[in-house]
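Subject: Structure handover

Dear colleague,

Please find the structure below, followed by notes on what was found in it.

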Protein chains: 2
Amino acid sequence: MNKNTYHIFFTNLANPLRIKIISSLKEKEKNVTEISKELGVEQSKISHALIKLRCCNLVEVNQKGKQRVYSLNKKTILPILKIIDTHAKTFCEGGCKGCKG
Amino acid sequence: MNKNTYHIFFTNLANPLRIKIISSLKEKEKNVTEISKELGVEQSKISHALIKLRCCNLVEVNQKGKQRVYSLNKKTILPILKIIDTHAKTFCEGGCKGCKG
DNA sequence: AATATATATGAATATAAATTCATATGAATA
DNA sequence: TATTCATATGAATTTATATTCATATATATT
């Protein structure tokens with residue numbers, strides 16, 4: 001495996017906006033404008049975020065008329081988020097404190 | 001759960017040096033100097049990295065004389081890395097290409 | 001208690017990543 | 001084919017993160 005895979009992948013998941021997009025797409029697939037409005041975030045910012053997510057195949061896109069509909073790769077994402085949640089509950093007592101910076 | 005948990009956690013895993021440290025600690029627990037020498041990386045850099053990893057309880061530390069011995073929280077780390085590896089093989093054909101920047 | 005060894009810390013700097021905004025592209029419809 | 005709507009792109013700027021280096025702390029040894 002490419003030695004930068006972890007970096008690219010986890011940098012994606014380290015980004016709060018991309019996590020919000022991921023959360024939003026858990027529910028159902030959405031186009032860019034829908035995501036933008038739902039999150040109250042400017043469109044190009046959403047597009048930039050989606051491109052990064054797509055690079056790692058964390059989301060996929062389908063053209064539907066002039067919209068582009070993004071859907072989540074749940075198979076990968078959901079188990080990872082679950083592990084972190086469990087980890088946080090088990091080891092971090094509801095949040096990682098004491099991290100300066 | 002704290003809404004920044006993902007950020008802190010994944011920022012840790014997005015860092016190549018910290019991934020190297022994690023890989024090294026898979027084998028066995030090690031003190032700071034051992035890690036530093038093994039990776040050929042300056043000591044304070046290792047210490048800074050370890051502090052971040054420790055913040056999220058991805059590693060834990062035990063004093064042993066004047067050494068501080070770090071060990072890996074395998075329970076959390078190993079399954080996550082495995083998911084990424086599988087993801088990369090399944091969806092990225094040996095590496096995430098086409099990501100500019 | 002002085003010295004040596006091991007590690008941590010802080011702050012300045014360097015590097016990387018995200019945001020912003022103007023604009024380009026592309027698909028649909030009048 | 002001109003216009004509108006939807007999305008992507010690029011480059012400048014801002015913000016976040018990592019590195020570096022000097023030094024502090026802590027433990028052990030003499």
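A salt bridge here is a side-chain nitrogen of Lys or Arg within 4 Å of a carboxyl oxygen of Asp or Glu. By this rule there are 4 salt bridges over all chains. A:Lys30 forms one with A:Glu38, with 2.8 Å between the closest N and O atoms.

Some conventions before the rest. This is a predicted model, in which local features need pLDDT of at least 70 and side-chain atom pairs count only at pLDDT 80 or more, while totals for chains, interfaces and linings use all residues. Residues are numbered from 1 along each chain as its sequence is written, chains are lettered from A and ligands numbered from 1 in the order in which they are written, and side-chain values use heavy atoms, with hydrogens and water left out.

Salt bridges, continued

A:Lys30 also meets A:Glu27 in a salt bridge, at 3.3 Å from N to O. For burial, relative accessible area is used: buried is under 20%, exposed over 50%, and partly exposed in between (1.4 Å probe, protein chains only). A:Lys30 is buried at 3%, whereas A:Glu27 is exposed at 60% and A:Glu38 is partly exposed at 43%. In chain B, a salt bridge links B:Glu27 and B:Lys30, with the closest N and O atoms 3.3 Å apart. B:Glu27 is exposed at 58%, and B:Lys30 is buried at 2%. Through shared partners, A:Glu27, A:Lys30 and A:Glu38 form one network of salt bridges.

DNA strand C

A residue is taken as near a strand if one of its heavy atoms lies within 4 Å of it. DNA strand C is surrounded by 23 residues, the closest being A:His7, B:Thr33, B:His48, B:Arg68 and B:Tyr70. Of the atoms of DNA strand C within 4 Å of the protein, 66% belong to sugar and phosphate.

Polar contacts are pairs of N or O atoms within 3.5 Å; within protein, one must be able to donate a hydrogen and the other to accept it, and residues adjacent in sequence count only if both atoms are side-chain atoms. A side-chain N or O atom of A:Arg18 is 2.8 Å from a phosphate oxygen of DNA strand C. A polar side-chain atom of B:His48 is 2.5 Å from a base oxygen of this strand.

Helices (H or I, at least four residues) and strands (E, at least two) are DSSP runs, numbered from the N terminus. H4(B) gives the most to the surface near DNA strand C, with 5 residues.

DNA strand D

DNA strand D also has 23 residues around it, and the closest are A:Thr33, A:His48, A:Arg68, A:Tyr70 and B:His7. Sugar and phosphate make up 64% of the atoms of DNA strand D that come within 4 Å of the protein. Two base atoms of this strand are involved in the following contacts: a base nitrogen lies 2.8 Å from a side-chain N or O atom of A:Gln43, and a base oxygen lies 2.5 Å from a polar side-chain atom of A:His48. On the backbone side, a phosphate oxygen is 2.5 Å from a side-chain N or O atom of B:His7. H4(A) gives the most to the surface near DNA strand D, with 5 residues.

Nonpolar core

A nonpolar core is a set of buried Ala, Val, Leu, Ile, Met, Phe, Trp, Tyr and Cys residues joined through side-chain atoms within 4.5 Å. The largest has 56 residues, and A:Phe10, A:Leu13, A:Ile21, B:Phe10, B:Leu13 and B:Ile21 touch the most other members.

Regards
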